[in-house]
Amino acid sequence: MLWYPYTQMKHVNELPKMVSGEGAIMHLEDGRSLIDGISSWWSVIHGYNHPALNAALAEQAGKFAHVMLGGMTHSPALDLAAALVRITPAGLNHVFFSDSGSIGVEVGLKMAIQYWKNIGHQGKTRIVSLKNGYHGDTFKAMEVSDDSDFTRSYSDVLHRGFVVEIPAGGFDAALDTIQPAINQLEDLLKQHHDQIAAFIVEPIVQCAGGFHIYSPLYLQAARELCTKYNVLLVFDEVATGFGRTGKLFAAEYAAVTPDIMIVGKALTAGYMGHAATLAIAAIYDSFLGENYEKALMHGPTFMANPLACAVALRGIQLIEEEHYLEKIARINTIIREKFSTLTSASIIDKRVIGAIGALELEDASLLTGFKTFAMDHGVWLRPIGNILYLMPPYIISEQELLTIIDVMRKWLER
Ligand SMILES: *Cc1c(COP(=O)(O)O)cnc(C)c1O
């Protein structure tokens, strides 16, 4: 029997079964159709069954579906690496592929820890992360994620680093509002920098940890402090990358280059799992040497899978050719407008950025039964705790988007 993710299996009865999809629509076996409000865990940004992506996949499959990247190279990997270097913040010039966001984070942290050893600084092995952060489900990724339902059963085996507060006041916070968080980071780095390899954050928006949004000024301060105290800055853009926050990458809001950046999820548009960990030249160069001692000893079997690379490359072209950032701005305007008319007393906060809209409710129990309610109204949404949110595919029609928000409204007005 199939074992489902983040699920108390005791309570699983019959799950809806998807049989096909098109655009933002998921068709179910029972004849119902649902508008996907969350892009299948934030990855299906071009919608389902996209003809151009299908064609890219088929074309590559007609040549070869996979070859090991150890001692052998191929154009899809080289071309995607070049495209990622071109579209990510200037200076991230080296690309390491892996098979999922969690592994991309693992690779980034391995790079960070080994970098300091490679240049002769022993003991810089701990990682600083933000409260409410989420960086994946593998062990090191859990260690840098905040304590939560995702990590609780393993707390006694996790080697935690340091956790700092996220800055208050949201995206538009004034500098003095975020100053306490900056001071906390500086105090920590000042005191413990000789033990710290890196500071990892989800830039601008923490997604799975509750859709907290914070100021780009904090990222600028973090960049300066990390440089000042010899700590690497790592941006986990697995959720925020590829336009989700309204910029191609959230890092652009702060106009800073992290030392390491991880992308995943939307990278391959939901066609298959893949991720990329990008690094600046100083990190890459520290791994050069005469033998394996300094090399990066990591190599997932399916890294740079040609099918994944071909789909990712075509996806990046679509984002550029079809002006996705304009689509995302239009989605943002509609979410803002419609959210402003939601008046339920159970809403504590409304947070909107890019193609993300999140409603923080007083209590998770207020969302019991919501998923079924949404399905009965033709919409697929899956709240996280007390957060009711949407992250639609960018190709969603205005009518579909309005339907999703209307379902949220109906539930809150019940
Ligand atoms: C989803 C997510 C991950 C983990 O990615 P997987 O592909 O599920 O392993 C890591 N970081 C962030 C910010 C994520 O949202």
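**Exercise 1. Are F370 and F373 buried or exposed?**

Solution. This is a predicted model, so we read the answer from its computed values. F370 is buried, and F373 is buried as well. Next, place them: both residues belong to helix α12 (residues 370-376), where they sit 3 residues apart, about one turn of the helix. Finally, look at their rings. The centres are 6.5 Å apart with 35° between the planes, and the aromatic pair they form is tilted. Planes count as stacked under 30 degrees and as edge-to-face over 60, so 35° falls into the tilted class.

**Exercise 2. Find out how the rings of W42 and Y389 are arranged, and which parts of the chain they tie together.**

Solution. Start with the whole structure, where a search finds 15 aromatic pairs. In the pair W42 and Y389, the ring centres lie 6.2 Å apart and the planes meet at 85°, so this pair is edge-to-face. Now locate the two residues. W42 is in helix α1 (residues 39-42) while Y389 is in strand β16 (residues 387-390), so the pair ties together parts 347 residues apart in sequence. Then check their surroundings. W42 has 6% relative accessibility and counts as buried; Y389, at 1%, counts as buried too. The cut-off behind both calls is under 20% relative accessible area.

**Exercise 3. Look for a cluster of rings, and then for charges that sit over rings.**

Solution. Begin with the cluster: Y6, W41, Y134 and F150 are linked by ring pairs. Then turn to the charges. K124 has its charged end over the ring of W116, 4.4 Å from the ring centre. R126 lies over the face of F162, and here the distance to the ring centre is 4.2 Å.

**Exercise 4. Describe the surroundings of the ligand.**

Solution. First, list some neighbours. Among the residues around the ligand are W42, Y134, H135, E202 and V238. W42 and Y134 are familiar from the ring exercises: W42 pairs with Y389, and Y134 belongs to the cluster.

Second, sort the shell by type: it has 4 nonpolar, 5 polar and 3 charged residues.

Third, pick out some short distances:

- G101: a polar backbone atom is 2.8 Å from an oxygen atom of the ligand.
- D236: an N or O atom of the side chain is 2.7 Å from a nitrogen atom of the ligand.
- K265: an N or O atom of the side chain is 2.6 Å from an oxygen atom of the ligand.

Last, ask how much of the ligand is covered. On its own the ligand exposes 380 Å², and the protein buries 84% of that.

Technical notes:
Residues numbered from 1 in each chain as written. Predicted model: local features only at pLDDT ≥ 70, side-chain atom pairs only at ≥ 80, totals over all residues. Heavy atoms only, no water. Phe/Tyr/Trp six-rings, centres within 6.5 Å; stacked < 30°, edge-to-face > 60°. Helix = DSSP H or I, 4+ residues; strand = E, 2+ residues; numbered from the N terminus. Buried < 20%, exposed > 50% of the residue type's maximum accessible area, 1.4 Å probe, protein only. Lys NZ or Arg CZ within 6 Å of the ring centre and 35° of its normal. Near = heavy atom within 4 Å. Polar contact = N/O pair within 3.5 Å; in protein donor to acceptor, adjacent residues only side chain to side chain. Areas by Shrake-Rupley, 256 points an atom, 1.4 Å probe, with all protein chains shown as cover. Nonpolar A, V, L, I, M, F, W, Y, C, P; charged D, E, K, R; others polar.
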